[in-house]
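Let's look at how the words used for a structure follow from the values behind them. Have the sequence and the 3D view at hand as we go.

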Amino acid sequence: MNIGYVGLGLMGRPCVLNLMKAGHTVFVWARRKESAQQVVVEGAVFCDSIAEAASRCELLFLNVTNTEDVESVIFGPEGAAASGNKGLIIVDMSTISATATRTMAKRLAPLGMELVDAPVSGGTAGAQNGTLTIMVGASEKTFEKITPVLRAMGSTITRIGDCGAGQVAKSCNQIIITGAIAAVAEAFRFAEAAGVDPKPVREALLGGFAGSKVLEMHGMRMIEDNYAPGFKTVLHRKDMGIVKGIAEELHLKLPVSEVGIGLLERTIEAGHGEEDSSAIFTITGK
């Protein structure tokens, strides 16, 4: 299948490589051509505009930073909507507002194009290994059509509901991850203060009800004091800002999320914004 891909960062590049390994022809675009070099060398086709990429494919994947970026990629002067490719399915793997997603889908419908939200969890390791968890907001018919392609990038692919539902699920994911990272950081700091090495504490807890991927992976980052980004703190804060915005729309109080946002902000202020969000440990207990 001919596939387009926009957004060639830490997540996008390995996704493109996995799509090509699965036998798809991938047309890519990036603001800086050099950022596409790795995938072009492997066989991806570089396009001069997003509209060109969109015109040459059946599915166009997006993996960009925020809601404004998605809107620009779709509706900008040389964006996907300008391609005139009726029948195009745009699959947005970014993490953005569910409300904005639904609004953009309504704008695309009269053009004969469809927007699917398919945010992911699993970090760069999941993208590289093709084991991402993908949360999809789409009709059942469209979900069936795109699932074989999604399997090249993910191992857990779930239709949550119609358009926008995937983004809601991703926000739920971020709420849980934020609370879990903060809890692990606090537990390890507590252990240290009480004169106990967090390393065997982690090993013991992994075998009980406290065991989790966060304790396994983020906990080890804290123990090793290694915060090379799997997911940058600034992006984690961005995602929690989406949660906060939707909660306000729904007149919903989320006290754990509010605490988590505060910790992420303090971590950024301490100079760890470009590091993994497990760097919350560095400011915990202070």
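Q: Why is H251 called exposed?
A: In this predicted model, H251 has a relative accessible area of 74%. The cut-off for exposed is over 50%, so H251 earns the word.

Q: Where is H251 found, and what is its phi?
A: H251 sits in the loop between helix 11 and helix 12 (255–272). Its phi is near 55 degrees, which is a positive value in a residue other than glycine.

Q: Is D225 buried or exposed, and how do you know?
A: D225 has a relative accessible area of 55%. Exposed begins over 50%, so D225 is exposed. You can look for D225 in the loop between helix 10 (213–224) and helix 11. D225 is not a glycine, and its phi is positive, near 55 degrees.

Q: What makes helix 11 and helix 12 roughly antiparallel?
A: Their axes cross at roughly 150 degrees and come within 10 Å. Angles over 145 degrees count as roughly antiparallel, and therefore the word fits helix 11 and helix 12. The crossing of these two helices is left-handed. On the helix 11 side, the contact includes T233, V234 and H236, and on the helix 12 side it includes S257, E258 and I261. By class, this contact has 6 nonpolar, 5 polar and 4 charged residues.

Q: Why are helix 8 and helix 11 called oblique to each other?
A: Helix 8 (residues 165–193) and helix 11 (residues 233–249) pack at an angle of about 120 degrees, and their axes are 9 Å apart. Roughly perpendicular covers 65 to 115 degrees, and roughly antiparallel needs over 145. The angle of about 120 degrees fits neither range, so helix 8 and helix 11 are oblique. Their crossing is left-handed. Among the residues that meet are K170, S171 and Q174 in helix 8 and H236, D239 and M240 in helix 11. The residues of this contact divide into 6 nonpolar, 4 polar and 2 charged.

Q: What makes E248 exposed?
A: E248, which has its place in helix 11, has a relative accessible area of 52%. The cut-off is over 50%, so E248 counts as exposed. From C-alpha to C-alpha, E248 and M20 are 41 Å apart in space, and they are 228 residues apart in sequence.

Q: How do you know that helix 1 is largely enclosed by the rest of the structure?
A: Of the 10 residues of helix 1 (residues 12–21), 8 are buried, so the helix is largely enclosed. Among the buried ones are G12, P14, C15 and M20. Their cover includes strand 1 (2–6), strand 2 (25–29) and helix 7 (140–150). Just after helix 1 comes G23, with a positive phi of about 100 degrees.

Q: Why is C15 called buried, and why does its sulfur form no bond with the one in C57?
A: Buried means under 20%, and C15 has a relative accessible area of 0%, so C15 is buried. A disulfide needs sulfur atoms within 2.5 Å. The closest cysteine sulfur to that of C15 is in C57, 16 Å away, which is too far for a bond.

Q: What makes C172 partly exposed?
A: C172 has a relative accessible area of 41%. Partly exposed lies between the 20% and 50% cut-offs, so the term suits C172. The sulfur of C172 is 16 Å from the closest cysteine sulfur, in C163, too far for a bond.

Q: How many disulfides does the structure hold?
A: The structure holds 0 disulfides.

Terms used: Residues are numbered from 1 along each chain as its sequence is written. This is a predicted model: local features need pLDDT of at least 70, side-chain atom pairs count only at pLDDT 80 or more; totals for chains, interfaces and linings use all residues. Side-chain values use heavy atoms; hydrogens and water are left out. Axes are lines fitted to C-alpha atoms, for helices over the stretch in contact, and angles run from 0 to 180 degrees between N-to-C directions. Helices (H or I, at least four residues) and strands (E, at least two) are DSSP runs, numbered from the N terminus. Angles under 35 degrees count as roughly parallel, over 145 as roughly antiparallel, 65 to 115 as roughly perpendicular and the rest as oblique. A crossing is left-handed if the near helix is turned anticlockwise from the far one by less than a right angle, and right-handed if clockwise. Contact means heavy atoms within 4.5 Å. Ala, Val, Leu, Ile, Met, Phe, Trp, Tyr, Cys and Pro count as nonpolar, Asp, Glu, Lys and Arg as charged, and the others, Gly among them, as polar. Buried means under 20% relative accessible area, exposed over 50%, partly exposed in between (1.4 Å probe, protein chains only).
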